[in-house]
Amino acid sequence: MASANATSPAGPSRFWDRLNIGTKRVIWAWAFLALPIIFYAGIRFYPTFQAFWLSLTNWDLLRPAQFIGFANYQKMFADPIFWKVFQNTFLYLIIGTPVSLVISFIIAYYLDRVRFMHGFIRALYFLPYLTTAAAMGWVWRWFYQPVPIGVINGFLSTIGIAQQPFLRSVDQALISILIPAIWAGLGFQIIIFMAGLRAIPSTFYEAARIDGLGDGAILRKITIPLLKPTTVFLVVFSSIGFLRIFDQVYNMTTNDPGGPLNATKPLVLMIYQTAFSSYQMGYAAAQTVVLFTILLIVSLLQLYVLREKK
């Protein structure tokens, strides 16, 4: 009995000693990562699965949730307002993402060549990104007002152009909101593009100059291809941001959120109104599931299209 007790503590030690260095590193890594992973799963995956369950129920916060199957989805897909909101959401995406990326790349490309007051100019571009969306939305709302209040209409009047309705027009309201949304995100994209430009080894440019390539050829054959990882990140990040646009719309159309006539309402605002104005939590959860599916499909599609080809 004594000999068995003497050898038993050595069992785990011998097992650990038989492992190679790589396996020990993996075990230690997972040991340290276990708690953050469990915590993340608890605050991220559990609410996600809970939202899927709530989308199959009828719940108004006052009574227990009642299982109704896919009735919320049937109601949503038969609602013409949902399809109008769906269209608005994709307009924010397909207009905002390419326009913001092109503008931010052009600014970053030329700003990278500036040496005088480079840091100050870069900070000016980044400042709108740090500004709260509520403050920015109210300032731009003031810009769009009629004369004598509105700055933009005041300028148009001085050059002989008729005043524009902007936020009061079903045709102009969405673009009027999209402009400050693009402007607010430019600073972050410019910084990321500049980091990508700085990461390109200068030897590539030196070799291209020796081969006699001009600035245009260098941009097409060296700069843009080597910026692909940066571009992929910004495309996905920007797309998610425009699909989830909310703050600018809510603050700039606060008298009629998403108006006029739902012309600017995105899916996130519709979810907010359904949940916290109508208290239809099950219906709002179904809309959330649709938004999650759109985000997932768009992100995976972009990653597939922009993937590195072997």
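Begin by selecting Pro260, which lies in the loop between α13 (247–252) and α14 (267–276), where helices (H or I, at least four residues) and strands (E, at least two) are DSSP runs numbered from the N terminus. The peptide bond that leads from Gly259 to Pro260 is cis, with omega near 0°. This is a predicted model, in which local features need pLDDT of at least 70 and side-chain atom pairs count only at pLDDT 80 or more, while totals for chains, interfaces and linings use all residues. Residues are numbered from 1 along each chain as its sequence is written, and side-chain values use heavy atoms, with hydrogens and water left out.

Move next to Pro148, which is found in the loop between α7 (133–143) and α8 (151–158), and show the bond before it: a cis peptide bond joins Val147 and Pro148, with omega about 5°. Then select Leu61, in the loop between β1 (57–58) and β2 (66–67), which has a positive phi of about 75° although it is not a glycine. Most residues other than glycine have a negative phi, and most peptide bonds are trans.

Now turn to the helices, and select α9 (residues 173–199). Helix α9 has 27 residues and reaches 40 Å from its first C-alpha to its last, close to the 39 Å expected at 1.5 Å a residue (the expected span is 1.5 Å times one less than the number of residues). Follow α9 to Leu186, on which a kink of about 40° is centred; the bend at a residue is the angle between axes fitted to the seven residues ending there and the seven starting there.

Add α12 (residues 228–243) to the selection. Helices α9 and α12 pack at an angle of about 160°, with their axes 11 Å apart (axes are lines fitted to C-alpha atoms, for helices over the stretch in contact, and angles run from 0 to 180 degrees between N-to-C directions). That makes α9 roughly antiparallel to α12, since angles under 35 degrees count as roughly parallel, over 145 as roughly antiparallel, 65 to 115 as roughly perpendicular and the rest as oblique. Among the residues that make this contact (heavy atoms within 4.5 Å) are Leu178, Ile182 and Phe188 of α9 and Phe233, Leu234 and Phe237 of α12.

Keep α12 in view and select α5 (residues 80–111), which packs against α12 at an angle of about 145°, with the axes 8 Å apart. Here Thr89, Tyr92, Leu93, Gly96, Thr97, Ser100 and Leu101 in α5 meet Leu234, Val235, Ser238, Ser239, Phe242 and Leu243 in α12. By class, this contact of α5 with α12 has seven nonpolar, six polar and no charged residues.

Finally, keep α5 and select α15 (residues 281–305); these two helices pack at an angle of about 30°, with their axes 13 Å apart, and they are therefore roughly parallel to each other. In this pair, Phe82, Phe86, Phe90 and Leu93 in α5 meet Val290, Ile294 and Val298 in α15. By class, the contact of α5 with α15 has seven nonpolar, no polar and no charged residues, where Ala, Val, Leu, Ile, Met, Phe, Trp, Tyr, Cys and Pro count as nonpolar, Asp, Glu, Lys and Arg as charged, and the others, Gly among them, as polar.
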